[in-house]
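I went through this model with a notebook open and wrote down each lookup as I made it. The entries begin with the ligand and then move to the sheet and the helices.

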Amino acid sequence: MARSTVTRVLGIETSCDETAASVVDGGSVIVSSVVSSQVDLHARYGGVVPELAGRAHVELLTPVLAEALALAGSDPSGSGIDAIAVTNGPGLIGSLLVGVAEAKALALAWRVPLVGVNHLEAHLFASLLEQPDLGWPLAVLLVSGGHTLLIEVSEPGRYRLLGGTIDDAAGEAFDKVARFLGLGYPGGPAIDEIAEEGDPHAFSFPRSLPGGGYDFSFSGLKTSVVNTVRKHPDSSTADVAASFRLAVVDVLVARARAAAADIGAKALCLAGGVAANALLRRRIEEACAEDGIGAFLPSRALCTDNAAMVAAAGWWRLHHGEASPLTLGADPNLRLVSTG
Ligand code: KG4
Ligand code: ZN
């Protein structure tokens, strides 16, 4: 099939603890999007257990796919589906392999093109799904459980990494601090909620800005929270959560704002699960309004892992002649590279 005829793409996402499938038309219209979260499965361990995640994907992927196809008016024969896009990295290897194997089998059976998609690029495309006319260049702050990156997008498909975390990812810091505070898993939403009730200035936690560039560091902050709570065991959890959240957000906003100014960004865009954070969203909007640039905050459903963003990124890659062979593998450390 010539690449220009690809319209309707089935996306598959199994890189971490969400099993997701989606059908997207023309790279931008979400026809169906089904996400099955494994949060309950991993909650009692306080984090994602890779072995359990892989096994759960094996059980969940086929019903999730069947539902996404049915909602899109298709069926298990793949009628009307022109191509299949699948996340093939970065992520948990056992989880990635489940999605990649299923995608390859379907591409072979349905005789449609296959394209492997980088999970980070998919998060960037989540924004374009909702707002295709974002101005270029864009500064994107991609903050999730596994990644904290600042990326310059000079146009769709063209990326430059500006900085990243040198230790914990922002979401990982939220999850670890929440576990320590006994707030359960996933920690980000739990801290975000209780922080609304607390005093963000009750504790002054460190804001680490390593080096002169755009890197981040959150492990010192996490240790400082632990030491403070051990020293003041009666302190209010809401105050600790609010002070911690403010410290993380201060650092994220300072770096993102400086990067946006330096590259002359037309807009600053959030991506990844931590982009659902209420304070981060408010502060980015305020900063962008002050700096006279656009702020783009994807809806919460598109911030966290989903397959619509995978289908959108796959459509883009296919339209740039980048179909993958049926020997496609999975790479837990896949890097973000520009198209073409
Ligand atoms: O992008 P995502 O769904 O999965 C990864 O690829 O990691 O992000 C999940 C991460 C978790 O660490 C979770 O705690 C964090 O995003 N998160 C939040 C919020 N909602 C999710 N962090 C802070 N505030 C939130 N409201
Ligand atoms: Zn993600």
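Entry 1, ligand contacts. I looked for polar atoms of the protein facing ligand 1 in this predicted model. A backbone N or O atom of G145 is 2.8 Å from one of the oxygen atoms of ligand 1. On the nitrogen side, I found an N or O atom in the side chain of D192 at 3.0 Å from a nitrogen atom of ligand 1. I also noted N277, which has a polar side-chain atom 3.0 Å from a nitrogen atom of the ligand.

Entry 2, ligand surroundings. I listed 20 residues around ligand 1, and the nearest are G145, D175, G188, G273 and N277. G145 and N277 therefore recur from the contact search, where a pair of N or O atoms had to lie within 3.5 Å.

Entry 3, helix α5. D175 sent me to α5, which spans residues 170-180. I found D175 among its buried residues, together with A170, G171, A173, F174, V177 and A178. I then asked what covers the buried residues of α5. The cover includes two strands, β6 (138-143) and β7 (148-155), and the helices α6 (187-195), α7 (219-231) and α8 (237-262). After α5 comes G182, with a positive phi near 75 degrees.

Entry 4, the sheet. I traced an open sheet of five strands with mixed pairing, in the order β3-β2-β1-β4-β5. At its edges I have β3 (29-37) and β5 (114-118), each paired on one side only. From one strand to the next, the twist averages 20 degrees.

Entry 5, the antiparallel part. I followed β1 into β2 through a hairpin of four residues. The two strands pair antiparallel over six bridges, and V9 faces V24 of β2. β2 goes on to β3, also antiparallel, with eight bridges between them. There I matched D25 with its bridge partner V29 in β3. Three residues separate the strands of this second hairpin, and G26 has a positive phi near 55 degrees. I checked burial on β2 as well: seven of its eight residues are buried.

Entry 6, the parallel part. β4 (residues 83-89) runs parallel to β5, and I counted five bridges between them. G89 sits opposite N118 of β5.

Entry 7, helix α3. I placed α3 (residues 93-110) across β1 (8-13), β4 and β5. Its direction is at about 160 degrees to β4.

Entry 8, helix α4. Which strands does α4 lie across? I found β1, β2 (18-25), β3, β4 and β5, with the helix (residues 119-130) at about 90 degrees to β5. N118 came up again here: a side-chain oxygen of N118 comes within 2.7 Å of the backbone nitrogen of L120, at the start of α4. The helix has 12 residues and spans 18 Å from first to last C-alpha, close to the 16 Å expected at 1.5 Å a residue.

Entry 9, burial of α4. How many of the 12 residues of α4 are buried? I get 11, so the helix is mostly covered, taking buried as under 20% relative accessible area. The buried residues are H119, L120, E121, A122, H123, L124, F125, A126, S127, L128 and L129.

Terms used:
Residues are numbered from 1 along each chain as its sequence is written. Chains are lettered from A and ligands numbered from 1 in the order in which they are written. This is a predicted model: local features need pLDDT of at least 70, side-chain atom pairs count only at pLDDT 80 or more; totals for chains, interfaces and linings use all residues. Side-chain values use heavy atoms; hydrogens and water are left out. Two strands pair if DSSP finds at least two bridges between them. Axes are lines fitted to C-alpha atoms, for helices over the stretch in contact, and angles run from 0 to 180 degrees between N-to-C directions. Contact means heavy atoms within 4.5 Å. The expected span of a helix is 1.5 Å times one less than its number of residues. Buried means under 20% relative accessible area, exposed over 50%, partly exposed in between (1.4 Å probe, protein chains only). A polar contact is a pair of N or O atoms within 3.5 Å; within protein, one must be able to donate a hydrogen and the other to accept it, and residues adjacent in sequence count only if both atoms are side-chain atoms. A residue is near a molecule or strand if one of its heavy atoms lies within 4 Å of it.
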